[in-house]
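User: I'm new to this one. Can you walk me through it?
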Amino acid sequence: MCGIVGYCGPKNVTPILLDGLKRLEYRGYDSAGIAVQTENSIKVVKRTGKIQDLRAIVPANLEGHCGIGHTRWATHGGVTDINAHPHQDSSGKIAVVHNGIIENYTALKASLEKQGFRFASETDSEVLPHLIAYYYQGDLEKAVRQALKQVKGTYGIAVIHSDEPGRIVGARYGSPLVVGVGDGEMLLGSDVTAMIAHTKQVVYLEDGELVSLTKDTYTITDLNDQQVDKQVDEIQWDLEAIEKEGFACFMEKEIFEQPESIARTLSGRLDPEYTTGKLGGLNMTSRELLGIRRIKIVAAGTSWHAGLVGAYLIETLARIPASAELSSELRYRNSVVEPDTIYFAVTQSGETADTLYAMRELKRKGARVLGICNVVGSTIARESDGGVYTHAGPEIAVASTKAFTSQLAVFYVFALLMARMRDMSVSAGQRFVKELQGIPEKVREVLKQRDHIQALAKKYYKVRDFLFLGRGLEYPVALEGALKLKEISYIHAEGYSAGEIKHGPIALVNEDTPSVFLVPQDSLRDKVLSNIKEIKARKGPIIAVCTEGDAEVAAIADDIIPVPQVDELFYPFILIIPLQLFAYFCALELGRDVDQPRNLAKSVTVE
Ligand code: AGP
């Protein structure tokens with residue numbers, strides 16, 4: 001969603017802001033802008049479209065040493081140049097960029113208008129510069145603090161004033177903000193990708209905190225002006241991790257990176273001696289783990305699909321009742337929280353509003369909530385009672401790929417850990433560990449199917465509707481395959497349980513509606529084969545993702561994507577790869593913007 005970058009320092013701020021915004025593109029946006037402090041004034045340039053469109057209208061002589069920038073993903077008010085950020089007060093002395101939603105903006109706007117403030121845009125955000133101007137008496141930090149006390153809603157903001165050169169004031173409530181501590185320069189950003197080119201030293205703000213920074217100093221206080229001491233964290237990855245490294249786009253790079261990202265997730269988390277999993281970050285003793293009677297998983301989108309696999313696996317292996325629920329549903333359901341239940345909040349970004357608020361609601365009721373997060377230092381990672389970082393590395397493409405397989409890997413380790421405390425024998429644990437360690441290599445083998453899958457995409461990309469079908473552990477993988485296809489190619493795709501198809505969706509089947517079946521050699525394979533025959537009898541084309549050498553499936557399907565044999569519990573890792581590639585190549589054929597599909601944002605920080 002919206003992105004923020006700010007800089008104070010000796011360098012020319014304009015290219016730093018534009019490059020920072022470019023790095024924030026992955027979050028999803030529809031307009032962008034910058035505000036630069038020049039001598040005694042603030043110059044704002046903003047417009048709809050991409051960063052290169054903004055770059056094209058930024059005057060070559062726009063220079064300064066302090067400024068803020070923003071990528072906007074429209075919520076209140078259409079996608080127009082005027083609605084783009086930064087917004088200014090009527091005097092033009094203050095400029096503000098804002099992520100989040102000001103819920104009481106209608107009342108604030110009405111009251112400000114009565115006092116003569118004139119609004120230019122339709123946005124909720126514009127109340128902020130006017131409100132700050134209303135309180136301003138020569139101290140920007142103080143004025144921001146007073147203004148924020150009037151605001152209801154969520155915000156991550158950065159503010160500059162032409163009378164206070166070289167100062168940025170930022171604040172956070174419900175929308176992330178990070179300070180980048182450089183050598184003689186300071187940065188502010190909605191996430192660390194905006195600043196990694198300049199510094200790896202960062203300070204994460206918490207809700208209710210405000211920062212005032214100059215090129216040499218940063219001071220963090222709360223809304224009551226009490227100073228807050230914070231630790232400086234170091235970002236553990238390099239700039240290269242967020243560059244394309246020769247791939248056409250980030251999604252392709254991230255798909256092909258999965259052998260390494262899965263291996264990273266597993267690294268140090270398998271204990272060959274006791275043939276079990278090691279997850280120290282859970283912050284739970286063995287005795288506490290033994291006392292768990294139920295496991296509930298909350299998440300959204302792809303992370304929810306990983307959670308569905310996780311729940312299936314935990315219940316199968318550890319014999320603990322487990323389920324996965326959409327966080328947007330759980331939050332408003334008066335769910336029962338029991339003391340011997342643990343919750344997992346699963347999230348790549350660690351900032352998804354639905355999951356964050358579901359987690360807070362659960363914690364309010366006394367639940368123990370553990371995070372499975374990719375982004376280190378993200379809000380969910382910090383607010384959870386413990387958890388596991390997936391270590392997939394930065395995921396830039398909006399469509400999640402490597403984060404999914406790394407989330408799976410965490411669940412496999414956790415299921416092993418719990419199973420080995422209960423029924424699973426040492427030798428079964430040994431086989432499980434061996435199989436899990438072999439997964440990166442098997443994924444590498446599947447990736448070799450690249451050209452074959454591209455050829456299939458060329459054959460099928462004009463299709464309007466697809467069905468994705470699987471059973472058991474393959475059902476969530478079918479959901480994920482359908483999600484991938486629709487989000488980046490805009491082709492309609494339904495993910496369904498293959499066993500459920502005869503209860504309704506089979507009415508959709510005809511010669512123009514292909515079904516992608518996940519039919520590996522597992523205990524449900526014959527059942528799925530029957531489901532394939534039901535579709536075939538109705539002239540539905542079949543693309544089967546099946547185990548190599550399965551002649552029976554090959555004979556009935558129109559096309560097959562063979563995958564290597566693995567133990568039946570491990571097929572989700574192997575089967576999702578062809579579906580990611582299929583979606584990617586279809587989107588490519590259709591000329592879509594693969595990394596930034598329309599209407600979508602990487603981290604969905606609004607409800
Ligand atoms: C995945 O491809 C999607 N873009 C989306 O469904 C995503 O998984 C969802 O918004 C949850 O995000 P999170 O993992 O960052 O919480």
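User: Which oxygen contact does the backbone of Gln348 make, and how far apart are the atoms?
Analyst: A backbone N or O atom of Gln348 lies 2.7 Å from an oxygen atom of the ligand. That fits a polar contact, meaning a pair of N or O atoms within 3.5 Å; within protein, one must be able to donate a hydrogen and the other to accept it, and residues adjacent in sequence count only if both atoms are side-chain atoms. Bear in mind that this is a predicted model: local features need pLDDT of at least 70, side-chain atom pairs count only at pLDDT 80 or more, and totals for chains, interfaces and linings use all residues. Numbering runs from 1 along each chain as its sequence is written, and side-chain values use heavy atoms, with hydrogens and water left out.
User: What about Ser303 and Ser349?
Analyst: Ser303 has a polar side-chain atom 2.6 Å from an oxygen atom of the ligand. For Ser349, a polar side-chain atom lies 2.7 Å from a ligand oxygen atom.
User: How much of the ligand does the protein bury?
Analyst: The protein buries 90% of the 410 Å² that the ligand exposes when taken alone. Those areas come from the Shrake-Rupley method with a 1.4 Å probe; for residues, only the protein chains shown count as cover.
User: How many residues surround it?
Analyst: 14 residues surround the ligand, with a heavy atom within 4 Å of it. Ser303, Gln348, Ser349, Thr352 and Glu487 are the closest. By class, this shell has 4 nonpolar, 8 polar and 2 charged residues.
User: Which helices feed that shell?
Analyst: α9 (301-318) and α16 (474-489) each supply at least two residues. Helices here are DSSP runs (H or I, at least four residues), strands are E runs of at least two, and both are numbered from the N terminus.
User: Where does the ligand sit?
Analyst: In the second largest pocket. To sit there, more than half of its atoms must lie within 2 Å of the pocket's grid points. A pocket is an open set of points on a 1 Å grid over the protein atoms alone, where a 1.4 Å probe fits, with protein on both sides within 12 Å along at least five of seven lines; lining residues have an atom within 4 Å of a point.
User: How much space is in there, and what lines it?
Analyst: About 510 Å³. Of its 24 lining residues, the closest to the centre are Ala300, Gly301, Ala601, Lys602 and Val604. The largest share of the lining, 3 residues, comes from α9.
User: And the largest pocket, what's its volume?
Analyst: About 760 Å³.

Conventions. Nonpolar A, V, L, I, M, F, W, Y, C, P; charged D, E, K, R; others polar. Points joined across faces, edges and corners; volume = space filled by probe spheres on them.
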